[in-house]
Amino acid sequence: MFILLLGAPGSGKGTQGKVLAERLGLPKITTGDILRAAVRAETPLGREAKKYMDAGSLVPDSVILGLIKEELAKPEAQQGAVLDGFPRTAAQAELVDRTLAERGQRLNHILLLDVPEEELVRRMTGRAADEGRSDDTPDAIRTRLQVYQRDTAPLIAHYAERGIVKRVPGVGGVDDIATEIKRVIGR
Ligand code: AMP
């Protein structure tokens, strides 16, 4: 089973994705974590990605499509995965859709974590203090929210046509939201 967590930055995709992946025994693929690790390790990918990440922009598809392909090709991702942080653009969605279709698979559920913008800003600002993420500065936060609306939110309509988008209120306790996700996907 392939489950995509969709939602604005700060909507809790990472937290809920972790709970969900552990509960279902699925691997979680998180492009943001992979990129942050690459930045720390100063690999060519990390060096390329850093400037975009720090500014709150998306890393270009020319860089990210190869990474997505590689992750989906891993043995542990053959039967299912929780996708956190991708696809985030039309080109990425096309690649994921095509890769799974070639394997006779598809995205089974898209969980849209719904959180009001003031709460997103509050969470990301708090996280800046706790985790020191270089893209949780006020400017980068503003850019990330705009980029989400412009590039990623249109994917909701793309997938809604297939009737697989389920909106989950993303405000409240972690356990309550996890319970709602369990109810919505029926397992
Ligand atoms: P995240 O932790 O998912 O919010 O990602 C942090 C940053 O990593 C984003 O603001 C982007 O710069 C970059 N990033 C993560 N995933 C992607 C993706 N699928 N496509 C492009 N950029 C990404």
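**Notebook: buried residues and helix H4**

I began with Asp84, whose side chain makes a polar contact of 3.4 Å with the side chain of Thr30; a polar contact is a pair of N or O atoms within 3.5 Å, where within protein one must be able to donate a hydrogen and the other to accept it, and residues adjacent in sequence count only if both atoms are side-chain atoms. I noted that this is a predicted model, in which local features need pLDDT of at least 70 and side-chain atom pairs count only at pLDDT 80 or more, while totals for chains, interfaces and linings use all residues. Residues are numbered from 1 along each chain as its sequence is written, and side-chain values use heavy atoms, with hydrogens and water left out.

I then placed Asp84 in strand S3 (residues 81-84); helices (H or I, at least four residues) and strands (E, at least two) are DSSP runs, numbered from the N terminus. Asp84 is buried at 5% relative accessibility, where buried means under 20% relative accessible area, exposed over 50% and partly exposed in between (1.4 Å probe, protein chains only). Leaving out residues up to four places away in sequence, I found Asp84 in contact (heavy atoms within 4.5 Å) with Lys13, Gly14, Lys28, Ile29, Thr30 and Thr31.

Next I looked up Gln92, which lies in helix H5 (residues 90-102) and is buried, with a relative accessible area of 4%. Not counting residues up to four places away in sequence, Gln92 touches Asp61, Ile64, Leu65, Ile68, Phe86 and Pro87.

I turned to H4, whose 13 residues reach 18 Å from the first C-alpha to the last, close to the 18 Å expected at 1.5 Å a residue (the expected span is 1.5 Å times one less than the number of residues). Its buried residues are Val63, Ile64, Leu67, Ile68, Glu71 and Leu72. They lie on the same side of H4 because they cover an arc of only 145° around the axis, the arc being that of the directions from the helix axis to the C-beta atoms. On the other side of H4, I found Ser62, Glu70 and Ala73 exposed. Among the elements covering the buried residues of H4 are strand S2 (28-30), helix H2 (31-40) and H5.

Last, I checked the largest nonpolar core (buried Ala, Val, Leu, Ile, Met, Phe, Trp, Tyr and Cys residues joined through side-chain atoms within 4.5 Å). Of its 36 residues, Leu83, Val96, Leu107 and Tyr159 touch the most other members, and helix H4 (residues 61-73) gives the largest share, 5 residues. A second, separate core of 13 residues includes Leu5, Leu20, Val168 and Ile185.
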